Amino acid sequence: MDSREVSGMARDWSAALVDCGGVSTSVPHDIRRLTTRWIAELEAALSAESFDPSPACRVGVEMVRSNLTVPAMMTQTGTVLAGLLERSRRPDRAQRFGALLGELGRGYTTELLNVHARGQEAAEQRFRVVFDNAAVAIALYDSYGITLEANPTTARMVGIDQEDLPGVSALDLMHPDDRDKLRHAVIGLLKRGHGTAHLDGRFCRPDGSVCWGAWTMTLVHDAGGRDVRVLAVGEDITERRAMQQKLWWQARHDPLTGLPNRHCLLEQLEAIVAAAHPADHIGLCFLDLDEFKLINDHYGHRTGDIVLAEVGRRLDATLTSPTVTLARIGGDEFVALLAPPCDDDAAHAAAESMLAVLRDPVPVGPSDLLSMSASVGAVVTPVAGANAEKLLDAADVGLYRAKAAGRGTWVLHRADNGPQPGSRSWPSSGAGSQYR
């Protein structure tokens, strides 16, 4: 073949390759240069006295390395290269041409497999780097929950050496009280056959410590689709949960006394209202320290805080019934919530107990004792269908009545019948008590 024929066949071949797609429009000139060289090499091999088909194998390899790997390209290549057979005058041209195409295909296929293998190896290496260095725990389990493989983060998380994890049951790692939660999550995932499941639960370490973890579990099928694996990705959330619980506690408790605050008291009231029967009554006893502002003005706010903390401690130590919730709702006001069933006698006993804690002076220094008194406004009221804020307001009314009655007194108000007519004396320490 002369140079003009080689150039023409190279032009046809490069155009056919571009038409198959997958070739950047910026490289046709490079393809034309390659096809020109390849045709020259193939024509030389076809025409040589001593036949050697290996150049065709090299052409096939170079096609793959040049990213000419669209499946249709091999068909177009065979069609264009048939021109070599038509131009050859050798008697054994058909046999030689067939051998050349076979070698070209062998080189193409072998290099394509090598590229695929190298890609898989590179992907495996990337996966292994991610798997071994991931900040999250990654573990693979069979459908029975037996560990097949786990990364170093998983091993550190559960406190078991990585080489000892294969063969360990996931259920054995869980806290006994959370094993059913894990079992149900995985069974549900296996029944669906796809998707993910999420689980927060406790796990036990060999040193006896109990921690919290959060996992996302996904089903993974093998290449044949027969065996099912469970891929679990998780993290240790022990510190996060501790912080969340701390923040939850801080949002619902008074930092000075450690008692529940108004928000927590309202939540408790709302829970009681939601579960109440029509005949249920609750009691609310509001305690307010008498002339507490004078303590802050005379001794300072630090001393005032000491007094409030001591009063809170005494009230908490006195009102120990599980049916009583004690709260500090602000300033020098404390509230005792008496859960159903509650009657006048229970409210009377709580009010008397609250006043009694102030019988002894409060120490405010190495040798200083401060005498205290308080007023208690109590209310006994139906609770079913009530509004929590309005219940507190009703008890506050009783407190104002107690304040008006004098220091160291308590007043009971029945919200369903209104203030009781007349007055009735109850045994009390110090000043008199009133029932109104």
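Start by selecting Val-307 in this predicted model and show what surrounds the residue. Leaving aside residues up to four places away in sequence, Val-307 touches Leu-289, Phe-292, Ile-295, Val-362, Val-364, Leu-370 and Met-372.

Now widen the selection to the largest nonpolar core, which has 34 residues. Which two members touch the most others? They are Val-307 and Leu-289, so keep both highlighted.

To see where this core comes from, colour the elements that each supply at least two of its residues. On the helix side, pick α11 (292–299), α12 (301–318) and α13 (344–356). For the strands, add β6 (281–289), β7 (324–330), β8 (333–338), β11 (374–382) and β12 (410–414). Linger on α13, as the largest share of the core, 5 residues, comes from this helix.

Next, jump to another core, which lies apart from that one and has 27 residues. Leu-17, Val-59, Leu-68 and Phe-97 are among them.

Phe-97 is a handy bridge to the next stop, since it is one of the α5 residues in contact with α4. Show α4 (residues 72–87) and α5 (residues 93–133) as cartoons: their axes come within 11 Å and cross at roughly 150 degrees. Over 145 degrees counts as roughly antiparallel, and that is why α4 is roughly antiparallel to α5. The crossing is right-handed.

Finally, switch on side chains at the contact. From α4, take Met-74, Leu-81, Ala-82, Leu-84 and Leu-85. From α5, take Arg-93, Ala-94, Phe-97, Leu-101, Leu-104, Gly-105 and Tyr-108. Colour them by type and you get 10 nonpolar, 1 polar and 1 charged.

Definitions and conventions:
Residues numbered from 1 in each chain as written. Predicted model: local features only at pLDDT ≥ 70, side-chain atom pairs only at ≥ 80, totals over all residues. Heavy atoms only, no water. Core = buried A, V, L, I, M, F, W, Y, C linked by side-chain atoms within 4.5 Å. Buried < 20%, exposed > 50% of the residue type's maximum accessible area, 1.4 Å probe, protein only. Helix = DSSP H or I, 4+ residues; strand = E, 2+ residues; numbered from the N terminus. Contact = heavy atoms within 4.5 Å. Axes fitted to C-alpha atoms, helices over the stretch in contact; angles between N-to-C directions. Parallel < 35°, antiparallel > 145°, perpendicular 65-115°, else oblique. Left-handed = near helix turned anticlockwise from the far one by under 90°. Nonpolar A, V, L, I, M, F, W, Y, C, P; charged D, E, K, R; others polar.
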